[in-house]
Structures are given as structure tokens and as C-alpha cells.
Amino acid sequence: MEKEKNMKILVTGMSGFMAGRFFQYLAREHNEVTTVGFDKAHGQNLTDYHAVYQAVHGMDAVFHFGALTHIDTSIENPKPFLDSNIWGTFNILEACRLHRVKLVQISSSEIYGSLTDTEQANGVRQSETFRLNPQSPYAATKVSQDTMCTAWYHTYGTDVRVVRPFNQWGPGQDIRKMIPKFFKQVSQGEPITVYGDGLSTRDWVWVDDFVEGVWRSLELPAGTVCNVATGQSYTVLEVVEKIQRLLGRVESKVVLVNHTDERDGYVKHLRGDGFKIASLLGWTPKVGLDEGLPR
């Protein structure tokens with residue numbers, strides 16, 4: 001990438017799982033890039049326009065990971081999600097527009113909502129033109145972020161591109177997330193708690209593959225929207241079985257928590273289409289579920 005040795009970038013939400021792995025990726029693969037963090041844990045707030053404006057000044061690019069993300073919390077109390085995710089992104093967009101700084105907006109596959117059972121059975125993949133059907137306040141704020149970025153590009157010529165990751169996973173992920181939780185439950189001989197019938201599906205993207213795609217997305221033309229996806233999905237029960245076999249605990253008991261089967265905001269099936277990012281950047285996933293679990 002041109003001028004990489006002199007590049008200075010701002011990463012919002014730096015203490016989160018994805019942004020943290022992004023920092024590690026840059027330190028390992030591109031340590032000539034100067035990386036600056038912006039995070040609430042350090043007393044910085046995306047809703048503070050002046051703080052955002054000052055932080056963006058002098059940067060070559062901004063990677064906007066910062067967002068409130070917990071779906072159940074967004075259902076219980078949506079206002080902080082609107083404040084942080086929508087108004088925070090407004091502040092980032094305005095600062096990047098005024099300072100003429102490149103922006104990579106990190107979106108979410110949750111904006112698509114669920115594939116129908118028929119679509120899932122027929123192997124349908126959710127491309128960038130797939131219907132947007134947010135099923136939680138969190139997902140609605142991510143749709144708002146995406147459409148704001150598109151509007152700022154068309155209206156003001158803002159140099160922004162949007163990356164839509166499917167379900168990231170890997171080392172360092174919060175123990176409350178599905179795969180780390182299952183590892184803990186199986187390894188400690190605890191009952192494995194599975195929501196609903198265990199037949200919901202996800203497209204799992206190894207986090208280090210994802211952050212490589214995020215970095216390379218700087219090469220995308222302004223206004224571009226790209227999925228980061230494997231194109232393959234697994235049921236929850238398939239993931240459980242893989243972990244049980246890996247740890248030699250195939251007898252571990254699975255407990256179906258049926259009352260959450262139709263819980264509010266729940267997306268049953270996700271499977272992404274990664275054709276666009278492959279064709280534009282040559283990005284394809286390197287680590288699949290079977291390769292990543294032993295790591």
C-alpha cells in the first residue's frame with residue numbers, strides 16, 4: 001500500500017475483540033504504521049464531537065469499530081445504542097469529511113436479519129444487495145450507520161467504505177460468546193446450554209482472517225460495501241459436536257433452553273456471500289472452523 005511507512009491511523013473501540021485483534025495484526029504485519037486508539041475505556045467518547053474531531057485531525061485513515069454491540073442489552077435499553085452507534089458514527093463521518101480522511105466503517109451481518117428456513121435449505125447466501133431486515137435495536141443502528149456512510153459518500157464525496165463481517169471468532173473472544181462458552185462448558189464437564197433446538201446456523205469467520213480483510217479494505221473504492229464471509233454455515237449442534245470430539249468429551253450433556261427459541265431480536269440463519277471482496281481484493285478465508293478450533 002502506498003505511503004504505508006508514513007501512515008497514521010485511528011482505531012475506534014480499541015478495547016473490543018475485533019479492534020484488539022486488528023491492533024495485534026498491524027503490530028505483527030505492518031509495524032511501520034502508526035496506530036492510535038480511541039476508546040471509552042480511556043475516557044474518550046464517540047458522542048463528544050470535539051474529541052472525535054481532534055482525534056481524526058492528522059490521520060490518514062480511520063477504522064471505525066467503536067459501537068455498543070450486545071443485542072439483548074439493546075432490547076432492554078435501546079437509547080444508549082442510538083446515542084453511541086448513530087450519533088457517534090455521525091461525528092466520525094463529519095470529522096473524516098472535514099479533515100478529508102479515509103474511513104472504514106465496520107458493520108455487521110445482523111443488518112440482513114435471518115434467512116428463511118427455505119432459503120437456508122436451498123443454500124442461499126446473503127450478498128451485499130440482500131434485503132436489510134434488522135431484528136433488534138442494535139441491528140437497526142448498524143443499518144443506520146451503513147446508510148449514513150452511503151449518504152455521506154453520495155452527498156459530500158466522503159472517502160468511506162463499509163465492511164460487513166459475519167460471525168467473527170477466535171483467540172481472546174469474550175467467554176460469554178458461543179464458541180468460548182462451549183469450550184468452557186465441555187472442558188469443565190458442565191451442561192452445554194444451547195438456545196432453542198440447536199439448528200440455527202452461523203457463518204464463522206476466523207478473526208485474523210477478518211482483520212486482514214479490514215486492513216485491505218482501504219484499497220476499496222470509496223462508496224463500496226463488502227461482506228467478509230466464508231459462504232459456509234454450521235448449526236449450533238454441529239459446533240458443539242466438533243468441540244466435544246476435539247476435547248474428547250463426546251458424552252457431555254447438551255441442554256436445550258427452549259424458552260429462548262423465539263426470543264426477541266433472534267436471527268436464526270446467517271450465511272454470507274464473499275464473492276465481492278474476493279473479486280475486488282482477492283481476499284478469501286484461510287482458517288475454517290475445523291482448522292481454527294484446535295488453535
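**Start of α2.** I began at the N-terminal end of this helix in the predicted model. A side-chain oxygen of Asp48 comes to within 3.2 Å of the backbone nitrogen of His50 there.

**Along α2.** Next I asked which residues of α2 are buried. In this helix, which covers residues 49-56, they are Val52, Ala55 and Val56. I then looked down the helix axis: the buried residues of α2 fall within an arc of 95 degrees, so they line one face. I reminded myself that an α-helix has 3.6 residues a turn, so residues three or four places apart point the same way. On the other side of α2 I found His50 and Gln54 exposed.

**What α2 packs against.** I followed the buried residues of α2 outward to their partners. They pack against three strands, β1 (8-12), β2 (34-38) and β3 (61-64), and against the helix α4 (79-99).

**Just past α2.** I checked the backbone here too, and Gly58 has a positive phi of about 85 degrees.

**On to α4 and α6.** Since α4 had turned up as a partner of α2, I looked at how α4 sits against α6 (residues 137-156). Their axes come within 9 Å and cross at roughly 20 degrees. Angles under 35 degrees count as roughly parallel, so α4 is roughly parallel to α6. I noted the crossing of α4 and α6 as right-handed.

**Who makes that contact?** From α4 I listed Phe81, Leu82, Asn85, Ile86, Thr89, Phe90, Leu93, Glu94 and Arg97. From α6 I wrote down Tyr138, Thr141, Ser144, Gln145, Met148, Cys149, Trp152 and Tyr156.

Conventions. Residues are numbered from 1 along each chain as its sequence is written. This is a predicted model: local features need pLDDT of at least 70, side-chain atom pairs count only at pLDDT 80 or more; totals for chains, interfaces and linings use all residues. Side-chain values use heavy atoms; hydrogens and water are left out. Buried means under 20% relative accessible area, exposed over 50%, partly exposed in between (1.4 Å probe, protein chains only). Helices (H or I, at least four residues) and strands (E, at least two) are DSSP runs, numbered from the N terminus. The arc is that of the directions from the helix axis to the C-beta atoms. Contact means heavy atoms within 4.5 Å. A polar contact is a pair of N or O atoms within 3.5 Å; within protein, one must be able to donate a hydrogen and the other to accept it, and residues adjacent in sequence count only if both atoms are side-chain atoms. Axes are lines fitted to C-alpha atoms, for helices over the stretch in contact, and angles run from 0 to 180 degrees between N-to-C directions. Angles under 35 degrees count as roughly parallel, over 145 as roughly antiparallel, 65 to 115 as roughly perpendicular and the rest as oblique. A crossing is left-handed if the near helix is turned anticlockwise from the far one by less than a right angle, and right-handed if clockwise.
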